[in-house]
Amino acid sequence: MNESSWGARPTPSAGGTPPGAGPWPPGTVPAAPSAGPVHDWAAAAQTRPMPTVPDAGGDQDDHRDERGAARQSGPLFHDDQHREPMPTTPPAPDDSPSPEKPAKKSAGRNLRAAIGVGVGLGVIIVLSLFVYKPVFVGVVAVAVVVGLWELTSRLAERKDIRVPLVPLAVGGTAMVVAGYVRGAEGAWVAMALTALAVLVWRMTEPPDNYLRDVTAGVFAAFYVPFLATFVALMLAADADGPQRVLTFLLLTVVSDTGAYAVGWRFGRTKLAPRISPGKTREGLVGAVAFAMAAGALCMEFLIENGAWWQGLLLGLAVAASATLGDLGESMIKRDLGIKDMGTLLPGHGGIMDRLDSLLPTAPVVWLLLVLFVGTG
């Protein structure tokens, strides 16, 4: 400490400490306080001087003042040690879309591949449908067998449900052919025999989970080949069988397209978020509007003795059944924990991912056409 810390030099008093004694420089003595308690200046002179606290940002090394006396520097307490500022890591770039620029909607699939596969399937269906009807029956049977293979494979992989594929494939093909040749009666007989074959075929394996496996087998027989049999029933109409099948296919595809287009552009309100988060109520409205318009045109120009107002009702029914069929398979896939039933069709998934809305729509269209214009 220097003299400026103590003020002016005092006059030495009698009995005080002589100049030069103590820790002060020669010729200086501490001044006695003017007020307050009496201090023993001789004892106070023997105490160590109070260290000075350096100003913030000052030199932290010990040095001497102009009189040569060592002057303390550095922090008063150990916790006050000078710390280098910790390097700051720049924040990671925020990839989330800003409120001003909403995220661009994505179709979720390879649209080019999906369109290409869809056009290819459409060409095969139309050619087989109008060139030689039995060939189209064979196309339906092949789709049924592949769909059964996909369904039973996913059940075995995800749930360990062992459904016998051989009786299902043979019985499913028999259902489609019997529906085309013998009508609804032949389809029911083939369905009953297929269910019986599943029960018997499963008996060749251990009885564990027998009831579970045969129940799944009967469900698969009804869900895929039996519902597909109604397409063969429409095709069997003598007057306009191919036109009825084409109307069924067009309305289902148009319904799905309308739901996708309107839902992608205007969809805000979820239709069934627990089952299919991508479907919206606005998309359902689009499906109904598109299907009703297409139904009116198809009944007026494709179906013999059809009327446009019948097409409106038919389109409404198709939009409802196609949406329910899509939601039904979504429930199955969510229970299995999968996104698609297969990978056979690029951009679409598997055969079952294309049959999901067609299968439950087939009996609806067949029944309404029978009511409107007869069996043909």
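These legends accompany close-up views of a predicted model.

**View 1. The whole chain, for orientation.**
The chain holds ten helices and four strands. Starting at the N terminus, the order of elements is α-β-β-α-α-α-α-α-β-β-α-α-α-α. The chain has 376 residues, and 36% of them are buried. Among contacts with a separation of 6 or more, 65% are between residues 24 or more positions apart.

**View 2. Helix α10 and what covers it.**
Helix α10 covers residues 358-373, 16 residues in total. From first C-alpha to last it reaches 21 Å, close to the 22 Å expected at 1.5 Å a residue. Its buried residues are Leu 358, Leu 359, Thr 361, Ala 362, Pro 363, Val 365, Leu 368, Leu 369 and Val 373. The cover over these buried residues includes several helices: α5 (210-235), α6 (241-266), α7 (281-301), α8 (308-336) and α9 (351-355). Gly 374 follows α10, and the phi of Gly 374 is positive, near 90 degrees.

**View 3. Gln 310 in helix α8.**
Gln 310 belongs to helix α8. Its relative accessibility is 8%, so Gln 310 counts as buried, the cut-off being under 20%. Neighbours within four places in sequence aside, Gln 310 is in contact with Met 299, Asn 305, Phe 372 and Val 373. Two of these partners appear in other views. Val 373 is one of the buried residues of α10. Asn 305 sits in the loop between α7 and α8.

**View 4. Two asparagines with positive phi.**
Asn 209 is not a glycine, yet its phi is positive, about 60 degrees. Asn 209 is found in the loop between α4 (165-202) and α5. With a relative accessible area of 43%, Asn 209 is partly exposed. Asn 305 is also not a glycine, and its phi is positive at about 65 degrees. The loop that holds Asn 305 runs between α7 and α8. Is Asn 305 buried or exposed? Asn 305 has 66% relative accessibility and therefore counts as exposed, being over 50%.

**View 5. The packing of α5 against α6.**
The axes of α5 and α6 are 7 Å apart and make an angle of about 140 degrees. That makes α5 oblique to α6, because only angles over 145 degrees count as roughly antiparallel. On the α5 side, the contact is made by Val 231, Met 234 and Leu 235. These meet Gly 241, Pro 242, Arg 244, Val 245 and Phe 248 in α6. By type, the contact residues divide into six nonpolar, one polar and one charged.

**View 6. The β3-β4 hairpin.**
Strand β3 (residues 270-272) pairs with β4 in the antiparallel sense, over two bridges. Three residues form the hairpin connection from β3 to β4. Opposite Lys 270 stands Thr 280 in β4.

**View 7. Ser 276 and Pro 277 in strand β4.**
Ser 276 lies in β4, which spans residues 276-280. Pro 277 is in β4 too. Ser 276 has 10% relative accessibility and counts as buried. Pro 277, at 36%, counts as partly exposed. Which residues does Ser 276 touch, leaving out those up to four places away in sequence? They are Leu 327, Ser 330 and Arg 334. On the same basis, Pro 277 touches Lys 270, Ala 272 and Arg 334. Arg 334 thus appears in the list for Ser 276 and in the list for Pro 277. Lys 270, a partner of Pro 277, is the residue that stands opposite Thr 280.

**View 8. Glu 150 in helix α3.**
Glu 150 has its place in helix α3 (residues 133-159). Its relative accessibility is 1%, so Glu 150 counts as buried. How far apart are the C-alpha atoms of Glu 150 and Ile 351? They are separated by 7.8 Å, although the two residues are 201 residues apart along the chain. Glu 150 touches Met 341, Gly 342, Leu 344, Gly 350, Ile 351 and Met 352, residues up to four places away in sequence not being counted. The helix α9 (351-355) is also among the elements that cover the buried residues of α10.

Technical notes:
Residues are numbered from 1 along each chain as its sequence is written. This is a predicted model: local features need pLDDT of at least 70, side-chain atom pairs count only at pLDDT 80 or more; totals for chains, interfaces and linings use all residues. Side-chain values use heavy atoms; hydrogens and water are left out. The expected span of a helix is 1.5 Å times one less than its number of residues. Buried means under 20% relative accessible area, exposed over 50%, partly exposed in between (1.4 Å probe, protein chains only). Contact means heavy atoms within 4.5 Å. Axes are lines fitted to C-alpha atoms, for helices over the stretch in contact, and angles run from 0 to 180 degrees between N-to-C directions. Angles under 35 degrees count as roughly parallel, over 145 as roughly antiparallel, 65 to 115 as roughly perpendicular and the rest as oblique. Ala, Val, Leu, Ile, Met, Phe, Trp, Tyr, Cys and Pro count as nonpolar, Asp, Glu, Lys and Arg as charged, and the others, Gly among them, as polar. Two strands pair if DSSP finds at least two bridges between them.
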